[in-house]
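Student: I would like to go through this model and ask, for each label, what justifies it.
Tutor: Then let us take the labels one at a time and set each value against its cut-off.

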Amino acid sequence: MEVLHAFIERGMGNDSGEIANLNYWAYWLGLDRVLRPDDSFMADRTPSWDAGALLRSLADRLDPGLACVDLNVHSVWALIAARPGAVAAHPGLTADLRQRVERLLDGGAVSRQSRRELDAVQYGLRLSHP
């Protein structure tokens, strides 16, 4: 787990790393509309995926039973920071995301960094749908 936490903290600690992470998630989850012959797409700053669909897929992965829950939390946090409109455009998703965030915050399955990111997500959700 420490390797994953170090990667989240240092490997994605800048805009390029965050963009690569989100682009890869969209590709891996089948949400990228373009066939990719290599991994150069990860640096693309104008993605071809729908932010709402990616947020839905990542929200479904906010499960305390998953070993990589901290990576999933970080990815949700990064997506909302990069594309805040994705939350505002999907009220049903917002309600589900609120419940998932609260469950993770109430449990002890996430790191301190994930707790900070979940607090930020929760705050953003309150602002987008009071």
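Student: What makes the contact between the side chains of Arg 36 and Asp 32 a salt bridge?
Tutor: Bearing in mind that this is a predicted model, the N to O distance between the side chains of Arg 36 and Asp 32 is 2.9 Å; the cut-off is a Lys or Arg side-chain nitrogen within 4 Å of a carboxyl oxygen of Asp or Glu, so the pair qualifies. The structure holds 5 salt bridges.

Student: Why is Asp 32 called buried, and why is Arg 36 called partly exposed?
Tutor: Asp 32 has a relative accessible area of 12%, and because buried means under 20%, Asp 32 is buried. Arg 36 has 22% relative accessibility, and since partly exposed covers the range between 20% and 50%, Arg 36 counts as partly exposed.

Student: How do you know that Asp 96 forms a salt bridge with Arg 56?
Tutor: The closest N and O atoms of Asp 96 and Arg 56 are 2.4 Å apart, which is within the 4 Å limit, so the pair counts as a salt bridge. Asp 96 lies in helix α6 (residues 91–106) and Arg 56 in helix α3 (residues 51–59), so this pair ties together parts that are 40 residues apart in sequence. Asp 96, at 19% relative accessibility, counts as buried, whereas Arg 56, at 29%, counts as partly exposed.

Student: What makes the pairing of Arg 100 with Asp 60 a salt bridge, and which parts of the chain does the pair link?
Tutor: The side chains of Arg 100 and Asp 60 meet at 3.5 Å, N to O, and this value is within 4 Å, so the label holds. Arg 100 is in helix α6 and Asp 60 in the loop between α3 and α4 (69–82), so that distant parts of the chain, 40 residues apart, are linked. Arg 100 counts as buried at 17% relative accessibility, while Asp 60 counts as partly exposed at 41%. Arg 56, Asp 60, Asp 96 and Arg 100 are linked in a network of salt bridges.

Student: Why are α3 and α6 called roughly parallel?
Tutor: The two helices α3 and α6 pack at an angle of about 30°, with their axes 10 Å apart; angles under 35 degrees count as roughly parallel, and α3 and α6 are therefore roughly parallel to each other. The contact is made by Gly 52, Leu 55, Arg 56 and Ala 59 of α3 and by Leu 93, Asp 96, Leu 97 and Arg 100 of α6. α3 passes α6 in a left-handed crossing.

Student: Which residues have the most contacts inside the largest nonpolar core?
Tutor: The largest nonpolar core has 27 residues, and those with the most contacts inside it are Leu 54, Leu 55, Val 76, Leu 79 and Leu 97. The elements giving two or more residues to this core are α2 (15–28), α3, α4, α5 (85–88), α6 and α7 (112–128), and α4 gives the most, with 6 residues. Leaving aside neighbours within four places in sequence, Leu 55 is in contact with residues including Val 76, Leu 79 and Leu 97.

Student: How do you know whether Asn 72 is buried or exposed?
Tutor: Asn 72 has a relative accessible area of 0%, and because this is under the 20% cut-off, Asn 72 is buried. Asn 72 lies in helix α4 and, not counting residues up to four places away in sequence, touches Trp 25, Arg 61, Leu 62 and Leu 66.

Conventions. Residues are numbered from 1 along each chain as its sequence is written. This is a predicted model: local features need pLDDT of at least 70, side-chain atom pairs count only at pLDDT 80 or more; totals for chains, interfaces and linings use all residues. Side-chain values use heavy atoms; hydrogens and water are left out. Buried means under 20% relative accessible area, exposed over 50%, partly exposed in between (1.4 Å probe, protein chains only). Helices (H or I, at least four residues) and strands (E, at least two) are DSSP runs, numbered from the N terminus. A nonpolar core is a set of buried Ala, Val, Leu, Ile, Met, Phe, Trp, Tyr and Cys residues joined through side-chain atoms within 4.5 Å. Contact means heavy atoms within 4.5 Å. Axes are lines fitted to C-alpha atoms, for helices over the stretch in contact, and angles run from 0 to 180 degrees between N-to-C directions. Angles under 35 degrees count as roughly parallel, over 145 as roughly antiparallel, 65 to 115 as roughly perpendicular and the rest as oblique. A crossing is left-handed if the near helix is turned anticlockwise from the far one by less than a right angle, and right-handed if clockwise.
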